Amino acid sequence: MNTPIILGIGHLLLSAPHSVDHARNDYIKPKEENTRKICIKASQYLKGTVSALVWKWKSRITMYDPNYTEDESLESSPWYQKLKEHKTQYGNKAKLIDIHGMSDKRIYAISPGDAACCDMNWSRRFDKALEKYMPDYSSNHIGALCGNWGSGLNTVSQMAMSLDIPAIQLELNPSTRKILIESSAEFQKFINFIREVADS
Ligand SMILES: [Zn+2]
């Protein structure tokens, strides 16, 4: 079974629940390319500030979609347990950015979903930091990608919210993910942005 692991050390957790093909209801959703790499690379650039929550095996399919966890399965979810560990370790400093890959059909490059954020001041600072460090990337809040299903189901951001961890579901389109991984200059912009939101 593919299990989640936390790599690196830091109070800001970057997670990538959809980095492998995953089952949701009766169908298999394809992996969101580069999301795992972005989390791990950020944890290596920002040691002591960022840790990464990722699937242990990058090539295996998972039959469990953490971003589609029913209320009654919360406690038994290995992702929820990892978030709990994170909260125990970092207390009030703990934060989460849950990295996802939205499709090219979306009109923006980046969408920060804050409907499960539990700290709207942090969300506002998050948007400001995006504008400051990544002005060449169009960004806006997309309603369908807000990070909160409502009742009965939990996103990873909602799991964090239930543990009092401020969380943003950060959606990146394919070309944004690709350029962050392929260009060190572009990744450095992302790192500057992450560094600012980690401690704001
Ligand atoms: Zn996703």
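Here is a friendly exchange about how some labels are earned in this predicted model.

Reader: Let's begin with a loop residue. Why does Gly143 count as exposed?

Author: Gly143 has 8 C-beta neighbours inside 10 Å, and a residue is called exposed at 12 or fewer. The count falls within that limit, so Gly143 counts as exposed. You will find Gly143 in the loop between helix 3 (120-133) and strand 9 (153-154). From Gly143 to Ser183 there are 40 residues in sequence and 30 Å in space, C-alpha to C-alpha.

Reader: What makes Asn25 and Asn34 worth a look in terms of phi?

Author: Happy to explain! Most residues other than glycine have a negative phi. Asn25 is not a glycine, yet its phi is positive, about 50°. Asn34 is not a glycine either, and its phi is positive at about 75°.

Reader: And where do these two asparagines lie, and is each one buried or exposed?

Author: Asn25 belongs to the loop between strand 3 (22-24) and strand 4 (27-29). With 7 C-beta neighbours inside 10 Å, against a limit of 12 or fewer, Asn25 is therefore exposed. Asn34 is in the loop between strand 4 and helix 1. Here 22 other C-beta atoms lie within 10 Å, and the label needs 20 or more, so Asn34 is buried.

Reader: Helix 1 comes just after that loop. Why is helix 1 called oblique to helix 5?

Author: The axes of helix 1 (residues 35-45) and helix 5 (residues 174-182) make an angle of about 40° and are 10 Å apart. Under 35 degrees would count as roughly parallel, and 65 to 115 as roughly perpendicular. The angle fits neither range, so helix 1 is oblique to helix 5. Their crossing is left-handed.

Reader: Which residues make that contact, and of what class are they?

Author: Helix 1 brings Thr35, Lys37 and Ile38, while helix 5 brings Arg177, Leu180 and Ile181. By class, this contact has three nonpolar, one polar and two charged residues.

Reader: Now the sheet. What makes strand 1 and strand 8 its edges?

Author: Six strands make up this open sheet, in the order 1-5-2-7-10-8, with mixed pairing. Strand 1 (4-7) and strand 8 (110-113) each have a single partner strand, so each has one side without a neighbour in the sheet. On average, neighbouring strands are turned by 20° against each other, direction ignored.

Reader: How do you know that the pairing is mixed?

Author: Look at the individual pairs. Strand 1 and strand 5 are antiparallel, with four bridges, and Ile5 has Val54 as its bridge partner in strand 5. Strand 2 (residues 12-15) runs parallel to strand 5, again with four bridges; there Leu12 is opposite Val50. Strand 7 (residues 95-101) and strand 10 (residues 167-172) are also parallel, joined by six bridges, and Leu96 is opposite Ala167. Parallel and antiparallel pairs both occur, and the pairing is mixed.

Reader: What packs on this sheet, and at what angle to strand 8?

Author: Helix 3 does, touching strand 8 and strand 10. The direction of helix 3 makes about 170° with that of strand 8.

Reader: One last thing: why is strand 5 described as largely enclosed?

Author: Take strand 5 (residues 50-55) residue by residue: six of the six are buried, so strand 5 is largely enclosed by the rest of the structure.

Key. Residues numbered from 1 in each chain as written. Predicted model: local features only at pLDDT ≥ 70, side-chain atom pairs only at ≥ 80, totals over all residues. Axes fitted to C-alpha atoms, helices over the stretch in contact; angles between N-to-C directions. Parallel < 35°, antiparallel > 145°, perpendicular 65-115°, else oblique. Left-handed = near helix turned anticlockwise from the far one by under 90°. Contact = placed C-beta atoms within 7 Å. Nonpolar A, V, L, I, M, F, W, Y, C, P; charged D, E, K, R; others polar. Pairing = 2+ DSSP bridges.
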